[in-house]
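I opened this notebook page to keep track of what I looked up, one topic at a time. The entries below follow the order in which I went through the model.

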Amino acid sequence: MSSRAIYSRAGLPAAALLAFGFLGAGSLGAQAVSPKINLPKDSPVAVVSMDWSQSRATPRGGAYLVDVHASLSLRNSSSKRIRGVTLAVLAQEVTPGGKGAVSVPSLNVAPGDAFPVRIDLPLLRPIGTSQSSAPTVEVRLDGVLFDDLSFYGPDNLHSQRNMTVWELEARRDRKYFKNLLETGGPKALQHEMLDSLARQADLPRPGVQMVRGRSTNTDPEHQLQFAFLAVPDAPVEPASGTAQITANEASQPRFEVRNRSKRPVQFLEIGWIVRDQRGNQFLAASLPAEVNLAPGQSGEVAQDAALRFSPRTSIQSMSGFVSQVQFADGSYWIPSRKVLEQLHLNTIVAPSPEEQRLSHIYSKKGLDALVEELKKF
Amino acid sequence: MSSHLRETDLALFASGDLGLWRSFRIRLHTAKCESCQARGEAFRLDRERLRHQAEEMPAGVDWNSLAAEMTANIRVGLAAGECVDPRKRDARKRDPRKKAAHAKDSQKIPLKIKVNSFPWRPVAGIAAVAILFVAAFWLNFPSSDRLALSRVMRNLAHGGGGPIFQETGPVVEASSTGMELRENGSSLGVSQGALRPVAVSVNAQGSASARYVDADTGQVTITSVYVQQGDLQ
């Protein structure tokens, strides 16, 4: 046997084996994830089935990148209709990036019915914190919202507030579309749905990073004033606001706000809009704040936060608007559709989850299916 | 080995040009076979006679010009060989007297010029393994550390200038592909399953959210990742 034959017969398979071994070492390092679902004994939802087979944990330096891909089926074991559910997904409670949440709004689950919940999250977990060989991911129930706006759950992630706002937006939008159907007929509803789909397609989706540190670069930092959109019936009025701007980064936002309603305000959220050098406007972030403002009282809202945009983005101006208010009595205020349209916020801010769901039904199943859906409740 | 040795083996054995193992085998055979021993002895005597004859230069032969001519011919042959097969050939250095002694036998015994070629095969094998190691190392190196390393190298190349991002942990980014956990400017993972988000948002308290609409049921799912502490008690 010639030496060339020896090389070709033994060397190539050996090299191929080495290649697969080394190059596949990264994927071979991925491990299965050990799931743990923690529901209270009196939980209004029960687990019917779950599938975690697609979840993987891959070592990345000193931590696991836990790629959570799971499908759960939950059953409504209460006596009321469920409008929303929020689950907390935890790889590690204190590590940044170790905690996530999955919320399913716009539900209409009757007692005894089951509904699916899909979990797709990247989480971080330090290596060595698990007593078992496989990294553990825990799922907890953070809250359930019922059709009478009552709530169950520990509400550690403020899911009651979020789900209540989504439900109020859903009622607002369903009422609008139903009214449109009654007054203008199916054609008017169809026209509005097409407009909604077009706005959703044109919605700007720039990459925005929420950073915990600060970048130290050579560009000078300067302070930029906020311009505020006048929302006519908003119970809280922003008076002034500033942020520190450095090229494509904005940090340390501060606002002066005044409660112009007759009820004490407990919480408010401000939408932060950025205009870049090309004139494009997009919703950069939302600024929530616990304020506790008495009627007529002013206060300051500040966040120790930094937003980083694409390096191609140069911040030219910023504006803000009040997107939601929670009163001390537990009631909420959200802008009306008319106001959102007048201020052109419907081209910048994403529509409500309910509007997205209804427009999806229209696009996939047609106008008749949408009409049937609106008649349900 | 056959019953009698070949002429070429005996001649090479007589001149001491066989390897150790073959010499040993031939020695073993000639110790037992008188015919082969006699032929080998004949070759040895021929070599001796030729050596003696070669020591006496023929009259009228100018060895210097003869040597120069031979050298020139060899160089022409090597150059021609380069055109056909560009490998370096190091001709075995032979004693001119040995060359002359073998001149007679060259008609019967093919003159083998064994060349020492550059060991391409082992070098190629080592290079392939090295490339494999480098590729495996690069692909399995954490991407965050890889980009951080390249950033540091760039800064060094530029004399320490350029932006330096000093982050105190992972960042969450909301983009059209979903939510992404990043560290030192590079991606750790994306929340993308089979769907793309229909909307993304960032909360200044330290979280990012992405909305997905199920293609079959139209159900909306809002997924959030937190990078700030303190929300969960």
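My entries on cysteines, aromatic rings, a helix and a loop residue follow.

**Entry 1, cysteines.** I note at the outset that the model is a predicted one. I began with the disulfides, and the count over all chains comes to 0. I then looked at B:Cys33, which is in no disulfide, although the sulfur of B:Cys36, its nearest cysteine sulfur, is 3.5 Å away. Going the other way, I found that the closest cysteine sulfur to that of B:Cys36 is the one in B:Cys33, and 3.5 Å is too far for a bond because a disulfide needs the two sulfur atoms within 2.5 Å. I also checked accessibility: B:Cys33 counts as buried at 11%, and B:Cys36 counts as buried at 0%.

**Entry 2, aromatic pairs.** Searching the whole structure, I have 7 aromatic pairs over all chains. One of them joins A:Tyr176 and A:Phe177, whose ring centres are 5.4 Å apart and whose planes stand at 65°, so I entered this pair as edge-to-face. Within this pair, A:Tyr176 is partly exposed at 26% relative accessibility, whereas A:Phe177 is buried at 1%. I also wrote down the pair of A:Phe226 and A:Phe228, which is stacked, with 6.0 Å from centre to centre and 20° between the planes. Here A:Phe226 is buried, with a relative accessible area of 8%, while A:Phe228 is partly exposed at 21%. These two residues belong to one aromatic cluster together with A:Phe255 and A:Trp272.

**Entry 3, charges over rings.** I next asked where arginine side chains sit over rings, and noted two cases. The charged end of A:Arg161 is placed over the ring of A:Phe267, 3.5 Å from the ring centre. In the other case, A:Arg263 lies over the face of A:Phe327, and the distance to the ring centre is 3.7 Å.

**Entry 4, helix 5 of chain A.** I followed this helix over residues 353-365, which makes 13 residues, and its span from first C-alpha to last is 18 Å, close to the 18 Å expected at 1.5 Å a residue. Is the helix enclosed or not by the rest of the structure? I conclude that it is largely enclosed, because 10 of its 13 residues are buried. Among the buried residues I listed A:Pro353, A:Arg357, A:Leu358, A:His360, A:Ile361 and A:Tyr362. For their surroundings I had to look at both chains: the buried residues pack against helix 3 (159-202), helix 4 (337-342) and helix 6 (367-376) of chain A, and also against strand 5 (199-203), strand 6 (207-213) and strand 7 (220-226) of chain B. Just after the helix I found A:Gly366, which takes a positive phi of about 100°.

**Entry 5, A:Ser77.** I located A:Ser77 in the loop that runs between strand 5 (63-76) and strand 6 (82-90) of chain A, and at 45% relative accessibility this serine counts as partly exposed. Which residues does A:Ser77 contact, leaving aside its neighbours within four places in sequence? I recorded A:Ser43, A:Pro44, A:Val45 and A:Ala46. With A:Ser43 I could be more specific, since a polar atom of the A:Ser77 side chain lies 3.3 Å from the backbone oxygen of A:Ser43. I also noted A:Ala110, which is 33 residues from A:Ser77 in sequence and 9.2 Å from A:Ser77 in space, C-alpha to C-alpha.

Methods. Residues are numbered from 1 along each chain as its sequence is written. Chains are lettered from A and ligands numbered from 1 in the order in which they are written. This is a predicted model: local features need pLDDT of at least 70, side-chain atom pairs count only at pLDDT 80 or more; totals for chains, interfaces and linings use all residues. Side-chain values use heavy atoms; hydrogens and water are left out. Buried means under 20% relative accessible area, exposed over 50%, partly exposed in between (1.4 Å probe, protein chains only). Rings of Phe, Tyr and Trp (its six-membered ring) pair if their centres lie within 6.5 Å; planes under 30 degrees apart count as stacked, over 60 as edge-to-face and the rest as tilted. A charge sits over a ring if NZ of Lys or CZ of Arg is within 6 Å of the ring centre and within 35 degrees of the ring normal. Helices (H or I, at least four residues) and strands (E, at least two) are DSSP runs, numbered from the N terminus. The expected span of a helix is 1.5 Å times one less than its number of residues. Contact means heavy atoms within 4.5 Å. A polar contact is a pair of N or O atoms within 3.5 Å; within protein, one must be able to donate a hydrogen and the other to accept it, and residues adjacent in sequence count only if both atoms are side-chain atoms.
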